[in-house]
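Reader: Could you take me through one part of this structure up close? I'd like to look at the strand pairing and then at what sits around the ligand.

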Amino acid sequence: MVGSAIVRKLKSRGFRNIIVANREELDLTNQTAVDDFFRRERPQYVFLAAARVGGIHANNTRPADFIYDNLMIEANVIHAAHKHGVERLLFLGSSCIYPREAPQPMKESVLLTGPLEPTNEPYAIAKISGIKLCESYNRQHGTDFRSVMPTNLYGPGDNFDLNASHVIPALIRKFHEAKVSGRKEVEVWGSGKPRREFLHVDDMADACLFVMGLDADTWQSHTSPMCSHINIGTGKDITIGELARMISDVVGFEGSIIQDPTKPDGAPRKLLDVSLLDKLGWKAIIGLGEGLEQTYRWFEENRDNIRQ
Ligand code: GFB
């Protein structure tokens, strides 16, 4: 989802020489394949958006996949980027790197100050390792590897498989299918009380190009060698209960919403402090209502080809 959005954004800005590889063409967990790819293609700039990602259920039930795949992808790509002279690399992490009980909104500096949320600890540990890989290569080898930590993302290209997806695609699909089949109830996991911050993937892609484009002096004067990641979000959050009502309205479902308390809530809240990015001059522009409507239209138009 994010990789495709970054490619769309690069093309719209006039970049022509964009090198991409899908999963069939390049297995990023395979060190030799990654090394060969970098030797052959010689990229100048790298956006590392590829990752094993999923919602709360996938993270909670397949922890080995989430830690192994992400550690391998990061180690292989970051090492190859150094070895083959990449000028600048942008590593994409996640807001789940921060401690479960971190003061809200969460500043970049709260990293590694407390225990993580258990439902996605293995994924978070892998993403923290990615940040530390970038910092270590910068400190030892003088590379320019930067990290961005997005809040929960959504938008075109998302995964609508109910066992693997995040909350927004899951609820779009559930409400849509209930509306079409005339069902009276839709189940929403957990208590509905957790708060989440949501960013449209096109805003995320825009922020990635913005951070990648900052000159080295500006970047270095706003970060430090041991804290070289930056939050990307909107600075606003809502409860899952409120989100469910918004999606139900967008889809036009007229039945009732029921909570399933047997499913996990996950982190109570994870609102990012986006003041650093704000100071550098970037802000999200796509509001949640508008973004949900656009994503639902995309879902309806691409119903036969989506991941589900
Ligand atoms: O989006 P989500 O799976 O990710 O869940 P997390 C967010 C909240 O929505 C949780 C609730 O409180 C869920 O219980 N929820 C309600 C649902 N109904 C549903 C549903 O039908 N499907 C899903 N998936 N959730 C993930 C992490 O956590 O966030 C990853 O596991 C990653 O590591 C990602 O960081 C951004 O925000 O809880």
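Author: Strand 5 runs parallel to strand 10, residues 256-260, and the two pair over five bridges. One spot to click on is Val 188, whose bridge partner in strand 10 is Gln 259. Keep in mind that this is a predicted model. Now check the two faces of strand 5: Val 186 and Val 188 make up the covered face, while Glu 185, Glu 187 and Trp 189 are on the uncovered one.

Now for the ligand. There are 22 residues around the ligand, and the ones that come nearest are Ile 56, Val 167, Arg 196, Pro 264 and Asp 265. Ile 56 is worth zooming in on, as a backbone N or O atom of this residue lies 2.8 Å from an oxygen atom of the ligand. Asn 59 uses its side chain instead, with a polar atom 3.0 Å from a ligand oxygen. Over at Ser 165, a polar backbone atom is 2.9 Å from a nitrogen atom of the ligand. As for cover, on its own the ligand has 700 Å² of accessible area, and the protein covers 97% of that.

So where does strand 5 come back in? Strand 5 (185-189) gives two or more residues to the shell around the ligand, and so do helix 3 (56-61) and helix 6 (167-181). Helix 6 has the largest share, three residues. Sort the shell by residue kind and you get 10 nonpolar, eight polar and four charged.

How values were computed:
Residues numbered from 1 in each chain as written. Predicted model: local features only at pLDDT ≥ 70, side-chain atom pairs only at ≥ 80, totals over all residues. Heavy atoms only, no water. Near = heavy atom within 4 Å. Polar contact = N/O pair within 3.5 Å; in protein donor to acceptor, adjacent residues only side chain to side chain. Areas by Shrake-Rupley, 256 points an atom, 1.4 Å probe, with all protein chains shown as cover. Helix = DSSP H or I, 4+ residues; strand = E, 2+ residues; numbered from the N terminus. Nonpolar A, V, L, I, M, F, W, Y, C, P; charged D, E, K, R; others polar. Buried < 20%, exposed > 50% of the residue type's maximum accessible area, 1.4 Å probe, protein only. Pairing = 2+ DSSP bridges.
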